[in-house]
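Here is a short, friendly report on how two domains of one protein chain meet. Please have a look at the sequence and structure first.

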Amino acid sequence: MRAQATAKLFLVGTLVAVCNASIDNFLPQRYQLGTQPSITTKPLQTGQSITVDFDNNPVVTLDYGHEVAGFPYFQISDLSNPVQIEVKYTEQFDGLNHVWADGPYYFANGLSNSFRVETFNITETGKFESYFVQGGQRWQTITILSKGHITLTEVGFVPTIDHVDLDNLPSTFTCSHPTYNEIWKLGANAAAAACFDARSQPSTWEVTEEGAYIRGQKPGPGVSGMDWTDYTMTFSSKIVRGGTGWSISQAVSGTGLLLLLVSNLPDETTFVNTNKTLTPANSIVVASGYGLVNQTTLDSQLVGKFPVSVDIKEGEWYKISTTLLSGSQLSIDIDGNSVLNISLADYGVSALSAGGWGFGPYQDQIALFKDVTVHASNGTLLYKNDMKSPSILSEYGVRQNTKALCMDGAKRDRLVWLGDFFHTSKILTSSTSRWDYVQGTLNYLLDTQLPNGLVNIAPSMGYNTSSMKEVLYLYSGLYDYQILGVLSFTGFFLRSGDSTWARGVWPSIQKQILWLLGEIDSNTQLVGFGGFLGDANGTAISAALVQALNEAAIVADALDDAKSTQKYRDTAAKLSKAINEHLWNDDLGVYVRSTSSNTSYGVADIAFAISSGVASEERAASSLARVADLKLVPGYKDLSTTNSSSADISPNTNGFLLAAAMEANETTIAKYLLDNLWTAMTVDKYSSGASWEYVAQDLSPGLSLFTSLSHPWGGAPTYILTEHVAGIRAVTPGHKTWIIEPAISGFDLDWAAASVKSQYGQLSVKWELGSKVLKVNVTAPRGTSGKLSLPSDLQIKAIKVNGHKVTSGHNVPLQSGSSIVTIQLD
């Protein structure tokens, strides 16, 4: 019933009457009543009612136990009289103690609520649902703001993501170390929360006969005018509640000039918690940057709050014209009358560059918009739109998602970051086995490909792909994300073996690789650009390309593209040789940052030199020995030159290191990371049940409340525990041939087990280590074969396969079906 809301329900706020809740909804597991948020909670029984009372217990704290996402809903069985409630959402508990909770998030619209606090006017009993998706949270409070009480018989979230049972997934891992089992679930839960089906994230706008009906959210931007300056944008707006909002000179990055026109705030529609200091009645509020308030890394500047001489009434149309000249001279007219004329430079705002416009009121505000025009400074009409056609949804980036997609994070940034998908794609194949999420995301990214081969590095999901190629282009800056994108594709193909799908996207991947090959410096034979991983002519990016080329050669071979197979292998070999010639520092015994920074080094340099195969066994061991120089309390800092006292630890880059350490059999580093960096994410004080974006040295979230606590890029152990501790890895695409290489030492484990879904069926292993015997049970699908690879230093007395003695040494050939391997140890 959400999409069929009536005008009466609009006045309730963003609550909409809904049908009965499904048993698959996310429900809180624990609660606590009181006068303030409480981290100490008690179990909430099924069917138990909660009464929130203004005089006695005005606050109820709800703990969902782990990251959840969806439309908040409330089943109200009793209320004493119409009351207002304030609802907060946050991933970490401390957000409940902040006025903005752990938001707002003004980096991108994300087809979700930009705010983590919303207010509702409850006038009747029944079941009601918020209009907006809340992208990710563990904690919630409901605070009654006005005298009276309400009784809740159910509260929760209508899911917009899979409601997964982490103990019963298609691909699994368990072992004798309980914390490692929880660590494995971190990435699985993060990917489950950040990925969703096509058409599961509705538009945040409604198109009506009157115009666009827009509730408080991050504005636009629209695809028109992104390179325009010195224009006048005019529109008509009718405030439904609180105010109306818009932006101009808004760049693709999300920064620009944000403007609000606040109504006269009549008592009958104004919430009691309305911030009249920040948004005073009958005023224009001006801010530059991302929004009105700072949120850690989203810097914003409140330019000022300017009274207007007009009494701004709700329910009436106003024609608003905004002009920005020379990036600084701002003027606003209402119904032809000047109400503001200022120089932004006088308020310390640097001149704004080119940018478009968007629409979105502030928190808890609602307004209608229609009849938008844009004129050049010479009066030429540049743009016209009555805002009454569904086409405006894709134009302003708020169209429902059309493909199954994976975001970088559940609550933020909610963008399809190309480089972040490196870990996500592998997590999915090792947990939920939602191959359609991997394919949908890669298809969406490749749909943005330019003729030169570049792929958009962070497309939003609400625009047409043509807009992201022609206007909203984010292709430069992090060129190494192109490499990580290729590795997401090759890694998925190796694990899935889906050659039908791969063949369809292979020409686009080849174009992407061709662009990358054109960026190899003809003098150094190294990659000539810098990026997220490292510097130009540096180890990390050049080695990552070696890995991408070698893996692409496997794909090419599987697709019978012999020419590309040879080309990629030859180029990888030349690039590998150049890395060893130019970037190995024999005095330091490590691969350095770049040819121009030949005494510094970092986690990504060492990790990719090993995982790509560039490093010899001797150089890999030497480089890993230098990792000790990067060691901090929770993990390893990114660079040797990073200030140790202020460094946050990246589970993303440490995930690269974890994989490299396991490939080099350096379990000391791997165990340290599991026991410290990833164990920190399981501590209940901060835990969301999912992997984090950053970790601080005191083991708290690394970017304060801004930190995404459901970020798949921090979930590498989910696939690494499966592939390197239980030991299941594909040798040829789709696990047609496989290897079982268990890590029976280094982690103090008695046993480990894992199962992965392959295109041939389920492949599983369980190994158990006794005092003088190692037992390995392998079940492999028909049509596959592999081997059990045992540590070279393992002292073996005898080996039996299904009761029959074999003399195959440390590599035991195995066929499909069930194999019980018993290894007697000296």
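The text below goes from the domain layout to the interface of domain 1 and domain 2.

This is a predicted model, and its protein chain is divided into the domains listed here.

| Domain | Residues |
|---|---|
| domain 1 | 30–160 |
| domain 2 | 205–396 |
| domain 3 | 401–635 |
| domain 4 | 726–825 |

Let us turn to the contact between domain 1 and domain 2. To that contact, domain 1 gives 22 residues and domain 2 gives 25 residues. Taken over C-alpha atoms, the centres of domain 1 and domain 2 are 29 Å apart.

How much area do domain 1 and domain 2 bury between them? The figure is about 2,000 Å², with 59% of it on carbon and sulfur atoms. On the side of domain 1, the residues that lose the most area to domain 2 are Trp 100, Tyr 106 and Tyr 131, which together account for 34% of what that side buries.

What about polar pairing? Across the interface of domain 1 and domain 2 there are zero salt bridges by the rule applied, while nine residue pairs are found in polar contact, both residues being at pLDDT 80 or more.

Two strands, β6 (83–90) and β7 (117–122), are the elements that give two or more residues to the side of domain 1 that touches domain 2. Of these, β7 supplies the largest share, five residues. By residue class, the side of domain 1 that touches domain 2 has 12 nonpolar, seven polar and three charged residues.

Terms used. Residues numbered from 1 in each chain as written. Predicted model: local features only at pLDDT ≥ 70, side-chain atom pairs only at ≥ 80, totals over all residues. Heavy atoms only, no water. Domains from an automatic or database assignment. Contact = heavy atoms within 4.5 Å. Buried area = accessible area lost by both parts, 1.4 Å probe. Salt bridge = Lys/Arg side-chain N within 4 Å of Asp/Glu carboxyl O. Polar contact = N/O pair within 3.5 Å; in protein donor to acceptor, adjacent residues only side chain to side chain. Helix = DSSP H or I, 4+ residues; strand = E, 2+ residues; numbered from the N terminus. Nonpolar A, V, L, I, M, F, W, Y, C, P; charged D, E, K, R; others polar.
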